[in-house]
Structure formats: structure tokens, C-alpha cells
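Work through these exercises with the structure open beside you. Try each task before you read its solution.

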Amino acid sequence: MNYLAHLYLSGDDPALRLGNFIADHLKSRPIGFYSPDVQRGIRLHHAIDGFTDQHPVVAQSKARLQPEFRKYAPVIVDVFYDHFLAKKWAFYHDQALTDYAASIYKEMKNQHDLLPQRAQEMLPYMERYDWLTNYAHIDGIRRVMNGMSRRARFDSGMERAPDALEAHMASFDAEFDAFFPELQLFVNDFIEQNPG
């Protein structure tokens, strides 16, 4: 899952949200730097990634992309699933996505010193281009994929991924709908078993 899903799955707990948000950026800063609640969010992020990577429905989505995008297929599926979460946001959350996104940007800016350097550098772009809201639109996915393609070490072809999304929209949509409720149950169990 990508940023929107990780943030959403953290619920209303700011420390859990912070840990979940920064987990992929913790290359040099040790986890022990953070409070136990933020560490729990970091562990939640990795648990979500592990559950997602092993899920058979997600494997179907990845397999559809594998021939063209190879090792980048899992990354692309993460973004596609955020697209469907953003499109269906009103089903999952009472707060409008634009308001939710604005509150997240503000919350993360208020914790700037706790963000790893890579997250500090990314956050202004994330807010300026409103990534969380723009996941709902194909043009937003196109911008995300173009940016990821430019940053990739090898020729990833990710700039073509939105075409694959449009070509197989119904299949990816159905797979998201089958997978996401199971992920929600998994996260609820994780939080119950790892209380703050």
C-alpha cells in the first residue's frame, strides 16, 4: 500500500500515523530514536507491507503487470490501490479527502523535526502537489508515476503504468475491493495485539 492507505489504516492515533508515514524513510535513523508509540506505527507499516506482499489477490494484480513492469509491478500496485481508496474515500471515512489530506500535511509539518531527512525533503512536494487527494484521479496517478519513473535507478517504464490501469480498471478495482477489507481486519488485529 502507498501513503494514503498507510495513513488511513493508522486511524486517529497521531503517533501511529507518524510511524506509519516515516517507516520507508528510516534508512539511517535508528528506530530507538522514536517513542514506543511511534515505533509501533513503524512496526505496523512493515506488518501491512508483509501482509500485502503475501496476499493472493494482490498477487493477481502484480501478475497482470509483471510482463511489462517486472520488479516494479509491486510498487505500481501499491499506487493503484491508493487510487481506489481515494476514489471510494467517502465509503471509508466521514471526513472529505481534501480536508483529511490538509490535516495530514499540517500534522506532519508540525512534527518536522521527527521526520527523517528524506521525508522532510518530500513533504513540501507532497503538499504542493496534493498527492493524497490527487490519487483519486488518473492525471494524479500519471504525475506520481512520472515522478517515480524519473527517480528509478533503471528504466522502469512506470510512466506507462496509468495506461495499464485504464486498460484493466475493472479487474484492479475488483481486486482492491476483495483485498482491502481483509487488510483492515489484519490491521485491527495487529493494533489489538500491540496496544499502545
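**Exercise 1. Which residues in α5 meet which residues in α12?**

Before solving, note the ground rules. This is a predicted model, where local features need pLDDT of at least 70, side-chain atom pairs count only at pLDDT 80 or more, and totals for chains, interfaces and linings use all residues. Residues are numbered from 1 along each chain as its sequence is written, and side-chain values use heavy atoms, with hydrogens and water left out.

*Step 1.* Find the helices. Helices are DSSP runs of H or I with at least four residues, numbered from the N terminus. Helix α5 covers residues 73–87 and helix α12 covers residues 169–193.

*Step 2.* Look for contact, meaning heavy atoms within 4.5 Å. From α5 come Phe 80, Tyr 81, His 83, Phe 84, Leu 85 and Lys 87. They meet Met 169, Phe 172, Asp 173, Glu 175, Phe 176, Phe 179 and Phe 180 of α12.

*Step 3.* Sort these residues by class. The contact of α5 with α12 has 9 nonpolar, 1 polar and 3 charged residues. Here Ala, Val, Leu, Ile, Met, Phe, Trp, Tyr, Cys and Pro count as nonpolar, Asp, Glu, Lys and Arg as charged, and the others, Gly among them, as polar.

*Step 4.* Add the geometry. The two axes come within 10 Å and cross at roughly 80°. Axes are lines fitted to C-alpha atoms, for helices over the stretch in contact, and angles run from 0 to 180 degrees between N-to-C directions. So α5 and α12 are roughly perpendicular to each other. The cut-offs are under 35 degrees for roughly parallel, over 145 for roughly antiparallel, 65 to 115 for roughly perpendicular, and oblique for the rest.

**Exercise 2. Describe how α4 packs on α12.**

*Step 1.* Recall the method. Two packed helices are described by the angle between their axes and the distance between the axes.

*Step 2.* Apply it. Helix α4 (residues 56–69) and α12 pack at an angle of about 160°, with axes 9 Å apart. They are therefore roughly antiparallel.

*Step 3.* List the partners. Val 57, Val 58, Gln 60, Ser 61, Arg 64 and Leu 65 of α4 make the contact with Ser 171, Phe 172, Glu 175, Ala 178 and Phe 179 of α12.

*Step 4.* Classify. The contact of α4 with α12 has 6 nonpolar, 3 polar and 2 charged residues.

**Exercise 3. Is α2 enclosed or open, and why?**

*Step 1.* Locate α2 at residues 14–22.

*Step 2.* Apply the burial scale: buried is under 20% relative accessible area, exposed is over 50%, and partly exposed is in between (1.4 Å probe, protein chains only). In α2, 8 of the 9 residues are buried, so the helix is largely enclosed by the rest of the structure.

*Step 3.* Name the cover. The buried residues of α2 are covered by elements including α1 (3–9), α3 (36–54), α7 (97–110), α8 (117–128) and α12.

*Step 4.* Zoom in on one residue. Asn 20 is buried, with a relative accessible area of 1%. Leaving out residues up to four places away in sequence, Asn 20 touches His 6, Ser 10, Gly 41, Ile 42, Leu 44, His 45 and Ile 48.

*Step 5.* Check the N-terminal end. Asp 13 caps α2 there, with a side-chain oxygen 3.0 Å from the backbone nitrogen of Ala 15.

**Exercise 4. Follow Asp 130 to Thr 133.**

*Step 1.* Start with the backbone. Most residues other than glycine have a negative phi. Asp 130 is not a glycine, yet its phi is positive, about 45°.

*Step 2.* Place Asp 130. It is in the loop between α8 and α9. At 21% relative accessibility, Asp 130 counts as partly exposed.

*Step 3.* Cross to its partner. The side chains of Asp 130 and Thr 133 make a polar contact (3.1 Å). A polar contact is a pair of N or O atoms within 3.5 Å; within protein, one must be able to donate a hydrogen and the other to accept it, and residues adjacent in sequence count only if both atoms are side-chain atoms.

*Step 4.* Describe Thr 133. It belongs to helix α9 (residues 131–134). At 11% relative accessibility, Thr 133 is buried. Setting aside neighbours within four places in sequence, Thr 133 contacts Leu 97, Thr 98, Ala 101 and Tyr 105.

**Exercise 5. Where is Arg 70, and is it buried or exposed?**

*Step 1.* Arg 70 sits in the loop between α4 and α5.

*Step 2.* Its relative accessibility is 60%, so Arg 70 counts as exposed.

*Step 3.* Arg 70 also has a positive phi, about 50°, although it is not a glycine.

Note on methods
Helices (H or I, at least four residues) and strands (E, at least two) are DSSP runs, numbered from the N terminus.
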